[in-house]
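Reader: I'd like to learn how to read a sheet and a chain contact off a model. Can you walk me through one?

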Amino acid sequence: MICVGVDSGSRATKVALLDPAGELFLAAGAVDAGLKPEAVSAALLDRLLSDCGRRRSDVGAVIATGYARHAIGFADAAVTEITCHAVGVRRVAPDAATVVEIGGQDAKLLRLAPDGTVQDFAMNDRCAAGTGRFLEVVAARLGVPLDGLGALARAATAPAAISSMCVVFAETEIIGLLAQETAPADIVAGVQKSIATRVAGMAGRRVETPVFFTGGVARIPGMAEALAEALGAPVAVAPDPQMTGALGAALLACRRTPPKPGA
Amino acid sequence: MTGADRPLTMEQIDALCAARAASPRPDPPYPYAGPLARHVRDGDRRLLRLTYDGSPASVRLWNFLLTEDERLAQARAAGRRLVGAMKDLGTVAALAYAYPGVTAFYTDGAWWIPCVMEMSEGLLGIASAHGLGEGLCPVRAMLGAFVTRRHFPIPDLLIASVGAVCDDLSAVAQRLESLGHPILWWEMPARRAPEPGEPAVALPGGLRAPAAQVAFVRGELGRVRRALDGLTGHALTDAELAAAIRAANAVRARLAALRELVFTAPACPLPALEHQIAEMLAVHFCSDRDETLRVYEALLEAVRARVAAGTGVLPADAVRVFWVNPVADLRAMNLLEACGGRLCGTDFLFCHALDPLPEDAEPMEALARAALADPMVGPAADRAARIASDAVRFGAEAVVVSRIPGASHCAWEGAAIAEAVRGRLGLPVAEIEVPPLTDALAPSIRARLEALVETARARRTR
């Protein structure tokens, strides 16, 4: 039987397939979230199953996580991203003590116990200023593709000071910076620094290392460095960070999937 | 968990009550009884979005809470003197109820009106129009209630503490006074620890304060007493005040017993929503001290029966959560339980109204000591210490620190309390913000509560 993790996020839907022992990564994929989370998740799952020559009847358990986790009707259970990212990161980084996850519309900081379970967590408040949404707004305003922001930020010479605590007002601030002919590279670097600073604020006075960075925003070059500077600690990007939540969900599904008869 | 022990909608509650009334053994009659739906017809539409405990005692609790405006109107019509006791949360009410012919009420309790009326009354909008915008606590709804005069009669005397109390309430009350509602202000100093060698007095809740501070508060309350004497034309005797303190303590003792049972029973015997409402009654007796006592006794009887039968209103493995600060949207309490949690301790910012008033001290001294034990007038560290101590006592597995947007105390104290709980107890803490309308924030609040419950469950197997 196959164990399935579905991470139905605000910006992207991710699905991971594992063998029941949780050892073999059978397939994984991500698509835009769309407006119908269950339909999008089901279509992605079916495509991944087809790609590896399997069918729905081969699926053991399905765990859904992410913003729309409760909307995934074919899942056996819904588990928060907090738990799933902790499980996913521990799989790829068994010594992880702190996990920072920045997604499309929220950011989280997890402290892990020595056994890998979540000891405590913090999430960003109401505003999306510390999340991937901030980067999307900047990319749109600058006319730069999202995945081109990192390269642009590398050219920064003096990161702009982005003082706003709110994405909407921050956009106004960016318009003002552009009007003052601030270099786009400096604006992007400033936004990355602003996001990192907000996330670091959730950590309080103490950050246990090693720190691992997951979520879609971790894929953007320069963010890990900005985060490391803000936290005052080295930050490693988890392998395939966008898939960490789905991986964790799939691993939790493995715990629910009964072993194959005779195995 | 079966039948009436399940969470029910208001419609189901009313159907259940109607069936009980038609049965051979109907529930005993009680004051303010009636279908809960009638309160919705009055405009409390948010009540339709809650789920309720089906016990007759809980229905009685709701009917009592939701008829306070009727009670106050009847009191005014009967010629009773109405006293609006603002901010001190319990002390002035205990004093005012010592007078014959006086009904005291929690004027600033109007902050709850938008929580149950879908904002259709526009009380917050009225407050904004008077310069009290979203930067302030929803207690600003009180100003709107004074302007519309639709929720309670204008009191004959308004009393408010000022100083080391809630800045938001002070701002709102000052604006209220500028609109032509005179207020008797009495000052509350910032409670501090006694200096070495300084004469000190023990306060309720295990606190201590300099004797000079207690004497000062006693003097201030003396002014309040003289004003009440003047209002009523009755010179209150210490014997009458002592009797009122004993009566207040009888109410508090019932609530203390209820809290102990609810927080310690293996299977949760009362939902979080009804528990929060029950605690709020103690502050000002919901304009009827005697009925408050009877409501508590009915709740105690229902809870004891559930505990004795081993039945609860939630699954037995619900995660034990200590809850800090009241919520502005009552759905948050339902949500805690939907996410797999249960209450096992609370600090709704008025612990001093739950502790017994000292009966071994002279009555005005007793009131002063109780007033100075207000968690809002002392260091956040004092409050955090009590929360940590109670969390241990009641076996909390996790802590929720709830904030009310604009409420200055919530903003400043939340982080300090969370840090103290994490540091001393190592418990997971979720900080959430619960505005009067949580609709837009519901997914975020739910995610935090679910994650907290998952985290606490994972710790069980560690």
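Author: Sure, and keep in mind that this is a predicted model. Let's start with a pair of strands: in chain B, strand 3 (residues 157-163) and strand 4 run parallel and are joined by five bridges. For one such bridge, look at B:Ser161, whose partner in strand 4 of chain B is B:Trp186.

Reader: In what order do the strands of that sheet in chain B come?

Author: To read a sheet, go from neighbour to neighbour. Here four strands of chain B make an open sheet, ordered 2-1-3-4, with parallel pairing. Strand 2 (102-105) and strand 4 (184-188) of chain B are the edges, each pairing on one side only. From one strand to the next, the twist averages 25°.

Reader: Which strands does helix 4 of chain B touch?

Author: Helix 4 (residues 68-77) of chain B packs on the sheet against strand 1 (81-86) and strand 2, with its direction at about 150° to that of strand 2 of chain B. Helix 10 (residues 211-232) of chain B lies across strands 1, 2, 3 and 4, at about 165° to strand 4 of chain B.

Reader: Now the chain contact. How much area do chain B and chain A bury between them?

Author: About 1,700 Å², with 46% of it on carbon and sulfur atoms. In chain B, B:Arg448, B:Glu454 and B:Arg462 lose the most area to chain A, together 32% of what that side buries.

Reader: How many salt bridges cross the interface of chain B and chain A?

Author: Two, by the rule used here. B:Glu450 and A:Arg69 meet in a salt bridge through their side chains, at 2.7 Å from N to O.

Technical notes:
Residues numbered from 1 in each chain as written. Chains lettered and ligands numbered in written order. Predicted model: local features only at pLDDT ≥ 70, side-chain atom pairs only at ≥ 80, totals over all residues. Heavy atoms only, no water. Pairing = 2+ DSSP bridges. Helix = DSSP H or I, 4+ residues; strand = E, 2+ residues; numbered from the N terminus. Axes fitted to C-alpha atoms, helices over the stretch in contact; angles between N-to-C directions. Contact = heavy atoms within 4.5 Å. Buried area = accessible area lost by both parts, 1.4 Å probe. Salt bridge = Lys/Arg side-chain N within 4 Å of Asp/Glu carboxyl O.
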